[in-house]
Amino acid sequence: MNYIIGAFKPACHISVTFSDGKSRKQVPLKKENGQTVMVPLFQSQENISGKISVEPVSGKKVEHNGIKVELLGQIEMYFDRGNFYDFTSLVRELDVPGEIYERKTFPFEFSTVEMPYETYSGVNVRLRYVLKVTISRGYAGSIVEYQDFVVQNYSPPPQINNSIKMEVGIEDCLHIEFEYNKSKYHLKDVIIGKIYFLLVRIKIKNMDLEIRRRESTGSGPNTHVETETLAKFELMDGAPVRGESIPIRLFLSPYELTPTYRNINNKFSVKYYLNLVLVDEEDRRYFKQQEITMYRLGDTS
Amino acid sequence: MITGGVEDEEKWLSAGIAGLQQNAFYMNRALDSNNLKEALKYSAQMLSELRTSRLSPHKYYELYMRAFDELRKLEIFFKLETSRGFSIVELYELVQHAGNILPRLYLLCTVGSVYIKSKEAPAKDVLKDLVEMCRGIQHPLRGLFLRSYLSQVSRDKLPDIGSEYEGDADTVMDAVEFVLQNFTEMNKLWVRMQHQGPTREKEKREKERSELRDLVGKNLHVLSQIEGVDLEMYKEIVLPRVLEQVVNCKDELAQFYLMDCIIQVFPDEYHLQTLETLLNACPQLQSSVDVKTVLARLMERLSNYAASGAEVLPEFFQVEAFTKLNNAIGKVIEAQDNMPIAGVVTLYASLLKFTLQVHTDRLDYVDQILGACVHKLSGKGKLDDSKATKQIVALLSAPFEKYKDIDTALKLSNYPRVMEYLNDGTKKEMANVIVQNIMKNKTCISTAEKVDALFELIKGLIRDSDEDLHDELDEEDFQEEQNSVSRLIQMLHSDDPEEMLKIIHTVRKHILNGGQKRLPYTVPPLIFSSLKLVRRLQGQDESVSGEDVSTTPKKIFQIVTQTIEALSSIPVPELALGLYLQCAEAANDCDLEPVAYEFFTQAYILYEEEITDSKAQVTSIHLIIGTLQRMHIFGVENRDALTHKATGYSAKLLKKPDQCRAVYACSHLFWLDEHESMRDGERVLLCLKRALRIANAVQQMASATRGSSGSVVLFIEILNKYLYFYEKGVSQITVESIQGLIELIRNEMQGDNVPSDAAADGFLASMLRYIQFQKDKGGALGEKYELITI
């Protein structure tokens with residue numbers, strides 16, 4: 001296949017290898033075309049170093065006006081697809097203008113790179129990190145190669161992590177008191193809690209706990225909010241009576257959650273909510289939504 | 001909820017089964033290929049079939065059982081997985097990822113069971129978690145089955161004493177705690193079932209609920225099987241907790257069932273030791289609960305326990321079982337105002353049975369129970385409720401069955417008071433029971449006091465009821481009853497004459513109120529029993545002078561006289577006459593001439609004034625003659641007067657043959673073998689001649705009216721008498737007269753118009769044979785007979 005494509009392809013092959021590529025953790029990343037590839041995982045302040053090799057195809061020479069590698073942190077809004085906003089952009093020149101006859105390898109290093117935001121792929125917005133290798137050519141157009149990588153940042157367990165406790169109700173109809181053991185959960189956490197029924201005058205069919213993700217993009221009047229239900233977890237089956245207390249134990253690990261992102265570069269926010277939903281026999285829904293903060297706990301393993 | 005017919009339900013069930021089987025198939029395939037993830041997925045889907053609300057408990061159970069079987073395979077798989085190194089903790093988490101709660105919890109319980117087995121965590125923690133998590137199912141039916149599943153899989157894994165799961169951290173207490181909690185929750189769900197769904201289906205729902213009760217009760221059974229639940233723990237923890245739940249659920253069905261369950265599953269000695277606690281719960285139950293049955297069953301159990309061996313009885317005494325039960329019953333009755341009287345009586349009846357079994361010697365307890373019963377019955381009037389009546393009869397019969405002795409019952413002061421509340425029919429029935437009992441056991445009632453009490457009890461039989469019953473009493477039944485009363489009177493006996501006299505007094509007092517219909521039945525046995533006493537007195541104490549003994553035949557005769565007089569109010573003169581004569585004979589034996597004379601006088605008066613029927617007259621006159629013949633105390637004058645009268649009566653009978661026979665019978669009055677003083681051959685002959693005259697007259701009358709001479713039988717009979725007296729040596733009876741009479745008879749018999757009479761012929765023939773026999777025999781008598789030529 002390479003031969004066919006080769007006709008239209010630039011006359012050289014660029015590959016990026018990370019210096020600790022063998023040992024570094026790889027995570028799956030879903031590409032635009034729907035394919036999932038494994039890419040290395042970094043966190044902020046890490047050194048990103050490696051080698052870039054340029055190998056001209058079948059002995060042809062590549063003439064260029066210089067070779068550079070950029071580390072880009074980009075935000076892409078889907079309503080404005082293809083238009084990337086770079087919040088981070090670092091450049092390393094690899095080669096001065098000249099010609100390459102045979103495979104040539106260039107080491108590169110971005111040390112202690114500040115990558116405050118995590119890679120994210122949402123409904124309306126995407127945040128990605130990429131290494132962009134550009135071989136500038138005057139006439140034939142530049143040869144560009146991208147290497148994605150993922151950034152995840154870990155937070156220490158929060159100092160203050162109060163439980164969420166609240167009494168809600170509809171007068172003379174339904175009064176409940178619910179409690180979630182924390183307000184901040186890490187991604188593999190488990191939500192423990194209980195719902196206590198103080199007054200039940202409706203015939204409840206069941207009760208679910210939903211995890212909802214609210215992604216808001218844009219700002220001001222152009223704010224666009226998209227809410228997804230990531231988890232629907234049945235807590236209770238049947239109609240409780242006054243005085244019942246229903247336990248909650250929801251493991252978060254099966255769900256694809258991210259940490260809470262607040263106002264990422266003034267472009268977007270991702271927030272998480274626990275939505276307690278009671279459904280009565282007429283399929284009316286009674287619900288109460290509470291925000292929880294998600295964070296990524298450093299892998300201790 | 002969609003309510004459809006049974007058909008729909010069948011459809012849903014088969015759909016459910018189909019879905020279940022399909023997923024089970026995939027699950028099994030995943031199990032075979034060791035694919036945990038798939039196995040979990042399909043098992044969850046399979047279990048989702050149990051989420052249905054459309055099935056009745058019965059059908060749901062069918063579905064559940066299928067799922068249950070599949071889950072066993074899954075459990076084995078889980079065990080294998082863990083033995084292959086898969087972390088059980090991780091597995092325990094993994095199954096909790098299921099989104100739907102019901103499948104999740106079934107899986108959790110299944111893994112939990114493996115978890116406990118693995119001993120990687122203390123059993124109590126796992127159990128506690130499971131029972132807690134199951135709260136998520138608030139739907140009664142599904143919840144009940146889920147918890148029942150939990151109970152099932154955990155049964156063999158409880159940290160019981162001696163179990164492999166018992167350890168430092170796990171004690172039997174944890175096992176108990178777990179079962180109790182599961183029980184409590186199940187009961188709550190069960191009770192709640194009744195409130196769900198439309199009101200019109202309430203009945204159906206209650207029926208369905210009742211089908212589910214064993215799921216709940218199973219927990220109590222599990223509790224009772226835990227080795228570590230000793231008396232102490234049962235008393236301190238198990239029972240109070242269970243009762244708390246029972247009382248608090250405020251549900252009739254549940255309370256009744258669970259109380260019964262408690263009583264049935266735990267050992268007797270536990271009940272005995274915790275009697276107070278258990279009983280205290282009873283008044284707190286809903287008023288509609290059938291507490292009486294509960295208590296009755298308890299008492300029944302305890303009774304059986306008591307009956308199991310004498311060695312357990314001290315336990316009963318130690319805990320004062322009776323007092324406690326009695327108090328409890330009182331309280332229950334108080335608490336349940338509207339308890340039907342039948343219930344009250346049932347309770348007391350059970351208590352009574354219990355008491356009889358346990359405190360055989362405590363009659364005061366029995367009386368106490370009856371007293372309480374009376375107290376309850378008072379103010380309610382007579383009972384119409386057939387059920388209550390039945391129970392009272394049971395209550396009253398119990399003491400007899402136990403003691404086989406009416407004596408005991410007679411000591412119970414409250415016994416008759418309870419009987420008061422029976423309606424007349426039942427009272428009578430009860431009285432019959434009592435009488436029958438006496439007969440059967442041949443109980444001898446030997447004091448006047450008891451007799452009094454007894455008659456008080458069987459009032460129904462010996463007295464007309466206050467309100468006149470108009471229902472036609474079956475004559476036969478009445479006779480039967482009265483006959484048994486008469487028999488009863490015969491059973492009253494005391495060896496002490498004085499006491500016996502008192503008894504007679506008492507009986508008399510009672511029977512005299514009996515009314516005309518009864519007297520003919522009741523008086524005779526009394527008279528005879530009096531006469532029996534007279535004879536006894538006469539037999540035993542010639543030596544004891546009459547002064548210091550209050551019981552003298554004279555006195556008795558006075559009573560007897562008065563008693564027979566009572567009969568005069570009813571026209572039963574023949575009976576009275578007979579009795580007078582009996583008395584006269586007794587007086588004769590006591591050498592009380594005036595008394596005997598008086599009796600005769602009474603008999604004669606009756607004969608003259610009351611007995612008008614000619615047939616009756618005949619019978620009576622023969623009685624009189626017979627009795628008079630045996631009297632030997634009369635002085636000449638008295639005797640003359642009486643015999644004279646008797647002969648007079650005989651001659652005045654209406655029918656000639658009767659006259660004839662009476663008259664020749666009178667001849668005996670003048671010839672007593674034993675008494676020299678009473679041999680008057682003249683008058684014997686006179687009587688016989690008179691008889692002959694009458695016989696002649698009969699013959700003439702017969703030929704005059706019918707053209708035929710009547711039977712010669714009268715002559716033959718007279719001949720018989722002649723022979724008798726001849727044999728006795730009455731000098732006035734001559735051979736010639738006998739010879740003449742034989743001639744006469746033969747002539748008569750050869751007459752043309754004589755109808756043949758086989759009886760007469762036979763009689764004569766046998767008489768002639770007798771003469772011949774005596775002749776042949778020889779001796780003094782033979783010589784006499786030799787003089788007669790046939």
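Let's start at D283(A), which counts as exposed because just 7 C-beta neighbours fall inside 10 Å; a residue needs 12 or fewer to get that label. Keep in mind that this is a predicted model. D283(A) sits in the loop between β21 (268-280) and β22 (285-295) of chain A. Its backbone is worth a look too: phi is positive, about 65°, although D283(A) is not a glycine. The loop belongs to a hairpin of β21(A) and β22(A), with four residues between the strands.

From that turn, walk back into the strands themselves. β21(A) and β22(A) run antiparallel and are joined by eight bridges. If you want a pair to click on, take Y272(A), whose bridge partner in β22(A) is I292(A). β21(A) also pairs with β17 (residues 204-217) of chain A, again in the antiparallel sense, over 13 bridges. There, N206(A) has V279(A) in β21(A) as its bridge partner.

β21(A) has another antiparallel pairing, with strand β20 (residues 261-264) of chain A, over two bridges. In this pairing I264(A) stands opposite F268(A) of β21(A). β20(A) and β21(A) make a hairpin with three residues between them, and in its turn N265(A) shows a positive phi of about 50°. As for side chains in general, those of a regular strand alternate between the two faces of the sheet.

Now zoom out to the whole chain. Chain A has one helix and 22 strands. How spread out is chain A next to a compact globule? Its radius of gyration is 25 Å, while the globule rule gives 19 Å for 301 residues; the value is well over the rule, so chain A is more spread out than a compact globule. Along the principal axes, its C-alpha atoms fill a box of roughly 85 × 40 × 35 Å. Buried residues account for 25% of the 301 residues. For the contact map, consider contacts in chain A between residues at least 6 apart in sequence: 65% of them join residues at least 24 apart.

The domain layout comes next. Chain A splits into domain 1 (2-151) and domain 2 (164-295), and the C-alpha centres of these two domains lie 40 Å apart. The two do touch: twelve residues of domain 1 of chain A and 13 residues of domain 2 of chain A take part in the contact. On the domain 1 side, β6 (67-77), β7 (84-95) and β11 (125-135) of chain A each supply at least two residues. What is the make-up of that side of domain 1 of chain A? It divides into nine nonpolar residues, two polar and one charged.

Elsewhere in chain A there is an open sheet of three strands, in the order β1-β4-β9, with antiparallel pairing. β1 (12-18) and β9 (104-110) of chain A stand at the edges with a single partner strand each, so one side of each has no neighbour in the sheet. Ignoring direction, neighbouring strands in this sheet are turned by 20° against each other on average. Seven bridges hold the antiparallel pairing between β1(A) and β4 (residues 48-56) of chain A. Here I14(A) stands opposite V54(A) in β4(A).

Finally, over to chain B. The interface has 19 residues of chain B in contact with 17 residues of chain A. On the chain B side, the elements that give two or more residues are α5 (101-118), α6 (123-133) and α7 (140-154) of chain B. The largest share, three residues, comes from α7(B). In composition, the side of chain B that touches chain A has five nonpolar residues, nine polar and five charged.

Chain B also has a residue to set beside the one we began with. N34(B) lies in the loop between α1 (6-32) and α2 (36-48) of chain B. Phi of N34(B) is near 55°, a positive value in a residue other than glycine. Is N34(B) buried or exposed? It has 12 C-beta neighbours inside 10 Å, so N34(B) counts as exposed.

Note on methods: Residues numbered from 1 in each chain as written. Chains lettered and ligands numbered in written order. Predicted model: local features only at pLDDT ≥ 70, side-chain atom pairs only at ≥ 80, totals over all residues. Domains from an automatic or database assignment. Contact = placed C-beta atoms within 7 Å. Nonpolar A, V, L, I, M, F, W, Y, C, P; charged D, E, K, R; others polar. Pairing = 2+ DSSP bridges. Axes fitted to C-alpha atoms, helices over the stretch in contact; angles between N-to-C directions. Rg over C-alpha atoms; globule rule 2.2 N^0.38 Å. Buried ≥ 20, exposed ≤ 12 C-beta atoms within 10 Å, placed from the backbone.
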